[in-house]
Amino acid sequence: MNDHHSQEAAIIAYLSNELDEGGRLALEFWLAESEEHRRIFQEAKALWKNSGKKLVLHHPDTETELVRLLERIKKEEAAHSKNSHAFPGRRLLWRVAACILVVMLSVYGYIHLNPAVEFERTTGDQVASFYLPDSSRVWLNTHSRLSYTKAFHGEFRRVTLQGEGYFKVTPDANRPFEVITGATTTRVLGTSFNVKAEDTLTTLSVTEGKVKFAATGEPESEVLVTTHEHATFHTRQKTVTKGEVTDVGFASWRKRNNPIYEEEARNIKAFLHHQHTWKKNPIRQTIINGRIRNTASLTTYKNVVLLVTYGKSADATRVTRFTIVEPVKPGQELAYQRRLVDTFTDTSFVRIVVESAELVLEDDAR
Amino acid sequence: MQDLSEKNFQDLFRQHHRELCNMAYNLVNDPDAAKDIVQEVFAKLWAGRDHLDLDGPIKHYLFKATAHTAYNHLRFQKKILRLHDHVTDDTLHAHPGTDRVEFTELEHHVRQAIDNLPPQCKTIYMLNRQEGMKYQEIADVLRLSPKTVENQMGIALEKLRVALKPFITLKSFAALALVGWVCYYLLSL
């Protein structure tokens with residue numbers, strides 16, 4: 001094949017008169033070898049002969065082209081002199097653009113590629129409360145930070161806390177819930193507790209249930225803290241100590257600086273829901289079975305005043321009020337039964353609305 | 001000639017424009033591109049007029065520069081040109097002008113085959129065949145080794161032969177048949 005190539009090269013070199021004496025002899029020898037060789041040579045010759053004609057450009061438009069050329073040269077020279085002035089500025093611009101691009105890329109990379117943080121919540125001057133993906137509820141004190149990674153969805157529900165947080169953990173026996181502070185690990189299955197991480201002191205206070213509390217990475221320091229107990233870890237002494245909760249209001253911070261709580265205190269009717277049924281008993285008294293549900297997150301209400309409107313028809317109504325003294329805790333539902341003094345009335349409707357309520361102000365950790 | 005005033009420059013342009021255009025046109029087969037190539041050559045000449053260092057007539061420089069620029073054009077415009085292969089047809093038949101070069105059918109096919117060669121191959125072949133440049137000169141212009149030029153010429157021939165087989169073999173068969181018939185006739189006498 002290679003030989004074949006060089007043979008073609010020799011033929012064409014011969015045709016273009018580039019072949020020296022030796023080459024020419026070799027070619028003639030090759031031609032004498034076979035009919036096939038001579039045929040190839042004839043083909044080449046035909047090709048050579050038929051490829052000599054040149055295309056001719058009929059209208060080179062020399063003068064037009066000259067004008068175009070001179071214009072182009074003028075433009076290029078102008079651009080060149082301008083460029084030499086503009087060059088340093090433009091270069092600086094490019095550098096700035098490159099820097100911005102790098103910063104943006106790294107920020108993007110940090111946010112999107114950093115596998116560490118999936119969720120992060122930092123509070124300023126107001127308490128925040130929110131739910132975690134497992135329906136656990138968290139209150140985050142002011143100037144605190146809570147974050148978790150994708151690992152939260154794995155074997156442990158693990159969150160990292162700076163500052164103070166109150167956790168109401170949804171029970172899940174298979175996936176312990178862990179709160180990591182700088183120095184301690186708190187592990188639970190499903191309870192309510194408060195973790196407060198200060199500079200050197202981390203305090204755990206338990207509202208309800210059992211909580212395991214340990215210095216991070218030292219399982220032997222683990223203590224079991226139960227309802228109304230608290231435990232502390234001091235980074236200087238590196239010891240975990242346990243005791244009864246002395247400060248009953250350890251979780252009351254949730255009500256300070258908390259716009260949600262303020263709303264709950266101000267707009268009571270929005271958080272107290274009421275429903276009832278009624279019927280006449282054998283002595284024609286109207287028996288009302290009602291339920292009051294407290295949908296607030298923190299506030300306990302008491303002395304709920306219900307405004308009852310009843311009567312035979314729309315233009316013959318009577319009004320009375322019930323006061324439900326018992327406290328209604330957040331998320332709780334309270335059932336009551338009352339009767340109306342309407343033995344002599346053909347009551348055809350009973351309407352009840354929440355008129356007012358009082359807040360339970362004393363700190364209630366539960 | 002080394003002192004290139006604007007007047008000289010314009011004369012130079014008028015003097016060589018036509019043949020340079022023709023040469024570029026032959027290589028790239030596109031009238032507008034050919035004109036642009038020549039513009040390019042002269043613009044560069046003007047831009048570099050202060051550093052001009054020629055070891056021969058300026059005409060040679062212009063030829064070489066045009067050849068090289070056309071070669072570059074072929075290399076980088078290759079894909080675009082491929083889409084316009086039929087251009088050959090148009091340019092050969094669309095304007096049957098008075099001084100139009102008439103192509104025989106075979107020449108026309110050869111021309112098409114040449115246009116389909118790879119850019120380097122085509123440029124080398126055309127420069128050699130049509131501009132009559134020596135291998136060494138082509139090597140200088142395209143900055144290749146003479147050996148490469150020689151090889152490329154061989155490759156060009158081979159590719160052309162393959163592409164044009166139907167047209168040239170028919171002819172040679174006819175010639176062979178003629179020869180055979182003559183021999184037969186002589187023998188039978």
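Among contacts in chain B (heavy atoms within 4.5 Å) between residues at least 6 apart in sequence, 65% join residues at least 24 apart. This is a predicted model, in which local features need pLDDT of at least 70 and side-chain atom pairs count only at pLDDT 80 or more, while totals for chains, interfaces and linings use all residues. Residues are numbered from 1 along each chain as its sequence is written, chains are lettered from A and ligands numbered from 1 in the order in which they are written, and side-chain values use heavy atoms, with hydrogens and water left out.

The secondary structure of chain B comprises 9 helices and 0 strands, where helices (H or I, at least four residues) and strands (E, at least two) are DSSP runs numbered from the N terminus. Read from the N terminus, the order of elements is α-α-α-α-α-α-α-α-α. Of the 189 residues in chain B, 45% are buried; here buried means under 20% relative accessible area, exposed over 50%, and partly exposed in between (1.4 Å probe, protein chains only).

Helix 3 of chain B offers a pleasant place to look at individual residues. This helix, residues 58–83, contains Arg75(B), and Thr69(B) is found in helix 3 of chain B as well. Thr69(B) counts as buried at 18% relative accessibility, whereas Arg75(B) is partly exposed at 40%. The side chain of Thr69(B) reaches back to the backbone oxygen of Ala65(B) at 2.6 Å. Beyond its neighbours within four places in sequence, Thr69(B) is in contact with Ile37(B), Glu40(B) and Val41(B). For Arg75(B), a polar contact of 2.7 Å joins its side chain to that of Asn72(B). A polar contact is a pair of N or O atoms within 3.5 Å; within protein, one must be able to donate a hydrogen and the other to accept it, and residues adjacent in sequence count only if both atoms are side-chain atoms. Arg75(B) also lies 9.7 Å from Thr123(B), C-alpha to C-alpha, with their positions 48 residues apart in sequence.

Turning to the interface, 43 residues from chain A and 54 residues from chain B take part in the contact. Together the two chains bury about 4,800 Å², 58% of it on carbon and sulfur atoms; buried area is the accessible area (1.4 Å probe) that two parts lose on being put together, summed over both. Between chain A and chain B there are 6 salt bridges, each a side-chain nitrogen of Lys or Arg within 4 Å of a carboxyl oxygen of Asp or Glu. In one of them, Lys35(B) pairs with Asp61(A), the closest N and O atoms being 2.9 Å apart. The count of residue pairs in polar contact between the chains is 15 (both at pLDDT 80 or more). On the side of chain A that touches chain B, helix 1 (2–15), helix 3 (35–50) and helix 4 (62–113) each supply at least two residues. Helix 4 of chain A gives the largest share, 11 residues. The residues on this side of chain A divide into 18 nonpolar, 10 polar and 15 charged. In this grouping, Ala, Val, Leu, Ile, Met, Phe, Trp, Tyr, Cys and Pro count as nonpolar, Asp, Glu, Lys and Arg as charged, and the others, Gly among them, as polar.

Helix 3 of chain A has 16 residues and spans 22 Å from its first C-alpha to its last, close to the 22 Å expected at 1.5 Å a residue, the expected span being 1.5 Å times one less than the number of residues. Its buried residues include His37(A), Arg39(A), Phe41(A), Glu43(A) and Trp48(A).

Over all chains, the salt bridges number 29. Within helix 4 of chain A, Arg68(A) forms a salt bridge with Glu65(A), with closest N and O atoms 3.2 Å apart. These two residues are separated by about one helical turn because they are 3 residues apart in that helix. Arg68(A) is partly exposed at 35% relative accessibility, while Glu65(A) is buried at 7%. Elsewhere, the side chains of Asp134(A) and Arg157(A) meet in a salt bridge (2.5 Å, N to O). Asp134(A) lies in the loop between strand 2 (128–131) and strand 3 (137–140) of chain A and Arg157(A) in strand 5 (residues 157–168), so the pair ties together parts that are 23 residues apart in sequence. Both Asp134(A) and Arg157(A) are buried.
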